Amino acid sequence: MENNSTINPAVGSIDSGISQERPQRAVLVAPDLGEEDFELSLAELEELTATAGGEVVAVVTQRMESPNPATCIGSGRLEELAQFCRDDGEVDVIIFDRELSPVQIRNIEKATDVRVIDRTMLILDIFAGRARSSEGKLQVELAQLRYMLPRLTGKGIEMSRLGGGIGTRGPGETKLETDRRHIRRRIDALKEKLEQVAVRRAQRRARRKKTGVVTAAIVGYTNAGKSTLLNRLAGADVLAEDMLFATLDPTSRAIALPSGGSVTLVDTVGFIRRLPHHLVEAFKSTLEEALDADVLILLCDGSDPNCLSQLDVSENLLRELGAGDKPTVRVLNKCDRAMPEEIMGIKAVRISAKHGDGIDSLLTAIEEALPEQPMRVVLNIPFSAMGELDMVRRSGEILSEEYTPEGVVAEALVDKATAGRLRERIVG
């Protein structure tokens, strides 16, 4: 059943986030299946297109009960879309706001004679342009190949990836023309490299824990201001731009807390509604920084009318990742701007990362949310009190031991209660 169909030519152009000779002219297509977040998702697709360097020339919507298995949208609607592309003559790409099957892509391209990509391919394209570290590039390539492997059927427009434009960037683009066996070998090689990276990252996290380093991960919706907050708190120089997915590679910086202690902040990749499973899997090692953090700083754009919805998306994704029970500090950023009435009652720290408002309150809230951390102490325990050394082993962790003529000098991590009982033995 189909009704409420519209083709709306876009007014003006959207500024591109990636420089090209000219913006790619894009038509957005969004089947409306009655989801509550339909309009929000479509608005995000426009932002994603702009971030990828596109200019939206028309938006196509169609109310449907379910997608057409052959063409996603109805046949009549597809003909209208094809006619619009023929009349315009300069449409470079059609972008669907849902994941398409290989058959759907092939049929739509045959009908319109225009390259077709979906939301996942668009996000992958943006990630390919944003990745800077070797790990980030490996993750993007793995996600691209995993997504494209089942779509390597036939020699239609979907196989012509050498001409440039949205959906064609990244280290995996030339490999999409190769055979399945080669791609599978490449996927296995990428997985092995990322496993090695994950091992090194796990070793670094273990060293941080062993030395008593406390970590806080800044998480939240894309473009909420995570990198700006890290720059404000740590005096860092992380790229912070007003666009989606400006940061892909995790960055960590140490900051001082009001009590005199310190915490290591970790900036993470932003969340988005309908985040493709391929990306969650590929960026798993990066997202593990959030899983292993002692506290989460859940940042949201307090000036965005969709703040509540974005907060729900972020919290749901954290639960899916297994971090739903972490100590969390909710933070509403950009509060120097007008705030929607709906969020006025949210229990959260209100800040402006750009101007520095509320930063002292945020640091206090982070400190209060941190679980009790072990103290690193140096103990001088005489041979006559070796039972105390056993107590340290049971309740804490001994980092090093040195035997002297009088006893044992041990460096250890202990809780406050144990440190209080052994305060006469603490020499450093």
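**Group meeting: a sheet, two helices and some cysteines**

Okay, let's start at one end of a sheet: strand β10, residues 328-333, pairs with β11 in the parallel sense, over two bridges. If you want a spot to find on screen, look for Leu332, which stands opposite Arg350 in β11. Keep in mind that this is a predicted model.

Now zoom out. What order do the strands of this open sheet come in? There are six, and they go β7-β8-β6-β9-β10-β11, with mixed pairing. On the edges you've got β7 (251-256) and β11 (349-350), each pairing on one side only.

Next, the helices. Helix α10, residues 307-321, packs on that sheet and touches β6 (215-220), β9 (295-301) and β10. The direction of α10 makes about 150° with that of β9. Then there's helix α11, residues 359-369, lying across β7, β9, β10 and β11. Helix α11 runs at about 165° to β10.

Last topic: cysteines. How many disulfides does the structure hold? Zero. Take Cys307: the nearest cysteine sulfur belongs to Cys300 and sits 3.1 Å away, and Cys307 is in no disulfide. The cut-off for a disulfide is two cysteine sulfurs within 2.5 Å, so that 3.1 Å doesn't make it.

And is Cys307 buried or exposed? Buried: its relative accessibility is 0%. Cys85 has a relative accessible area of 6%, and buried means under 20%, so Cys85 counts as buried too.

Methods: Residues numbered from 1 in each chain as written. Predicted model: local features only at pLDDT ≥ 70, side-chain atom pairs only at ≥ 80, totals over all residues. Heavy atoms only, no water. Buried < 20%, exposed > 50% of the residue type's maximum accessible area, 1.4 Å probe, protein only. Pairing = 2+ DSSP bridges. Helix = DSSP H or I, 4+ residues; strand = E, 2+ residues; numbered from the N terminus. Contact = heavy atoms within 4.5 Å. Axes fitted to C-alpha atoms, helices over the stretch in contact; angles between N-to-C directions.
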